[in-house]
Amino acid sequence: MPRPTAAQLAYGSCTVIFSTLAMLLLSQTSSGLGIAVITLSALALGLLVAVTVPLPKRVRSGSVAAVPAPAPAPVQERVPAERETASVAASMSVSVSSASVSAVREPAGP
């Protein structure tokens, strides 16, 4: 378990002191059992505050910020419109012919 920071100790201690005083003044108790209950509840509240104080963020060596940015992708040549149209048409005819072959091979249902 890591050691508490100065902020955690300060917040926890202030919470214990001020909550104990406030509860004793508001309850106006004078019995030993009442004072013990108030003191224990103030300690529990101070511990809760000290644990929930946000810790400082630490940068790890393998963090995202330490990774260099990827190199830009190389620029591709523009394909002439005739070659592009021919390749699209060829791929469409292949996909249509394979779809019709698979439709013929499927057996008929009952």
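Helices in what follows are DSSP runs of H or I with at least four residues, numbered from the N terminus, and with that convention in place we can say that Gln 28 sits in the loop between H1 and H2. I should say at the outset that what you have in front of you is a predicted model, and that I will begin with the overall picture before I come back to that loop.

The protein contains three helices and zero strands, so that it follows, as one reads along the sequence, the pattern α-α-α. Of its 110 residues, 12% are buried, and the surface that the protein exposes comes to about 9700 Å², with carbon and sulfur atoms supplying 69% of that area.

Let me turn to the pair formed by H1, residues 6–27, and H2, residues 32–52, whose axes come within 8 Å of each other and cross at roughly 150°. Because angles over 145 degrees count as roughly antiparallel, H1 is roughly antiparallel to H2, and H1 passes H2 in a right-handed crossing. In terms of residue class, the contact between H1 and H2 has twelve nonpolar and eight polar residues, with no charged residues. On the H1 side the contributors include Tyr 11, Gly 12, Val 16, Met 23 and Leu 24, while on the H2 side they include Ile 35, Leu 45, Gly 46 and Val 49.

One residue of that contact that I would like to follow in detail is Thr 20, which is found in helix H1. Is Thr 20 buried or exposed? Its relative accessibility is 15%, and since buried means under 20%, Thr 20 counts as buried. Leaving aside residues up to four places away in sequence, Thr 20 touches Thr 15, Ile 38 and Ala 42, and of these Ile 38 and Ala 42 are among the H2 residues that meet H1.

Also in helix H1 is Ala 7, which has a relative accessible area of 35% and is therefore partly exposed. What may interest you here is the distance to Pro 54, for Ala 7 and Pro 54 are 47 residues apart in sequence, yet their C-alpha atoms are 9.1 Å apart in space.

That brings me back to the loop between H1 and H2, where Gln 28 is found. Gln 28 is not a glycine, and even so it has a positive phi of about 50°. With a relative accessibility of 68%, Gln 28 counts as exposed, whereas Thr 20, at 15%, counts as buried.

Key:
Residues numbered from 1 in each chain as written. Predicted model: local features only at pLDDT ≥ 70, side-chain atom pairs only at ≥ 80, totals over all residues. Heavy atoms only, no water. Axes fitted to C-alpha atoms, helices over the stretch in contact; angles between N-to-C directions. Helix = DSSP H or I, 4+ residues; strand = E, 2+ residues; numbered from the N terminus. Parallel < 35°, antiparallel > 145°, perpendicular 65-115°, else oblique. Left-handed = near helix turned anticlockwise from the far one by under 90°. Contact = heavy atoms within 4.5 Å. Nonpolar A, V, L, I, M, F, W, Y, C, P; charged D, E, K, R; others polar. Buried < 20%, exposed > 50% of the residue type's maximum accessible area, 1.4 Å probe, protein only. Areas by Shrake-Rupley, 256 points an atom, 1.4 Å probe, with all protein chains shown as cover.
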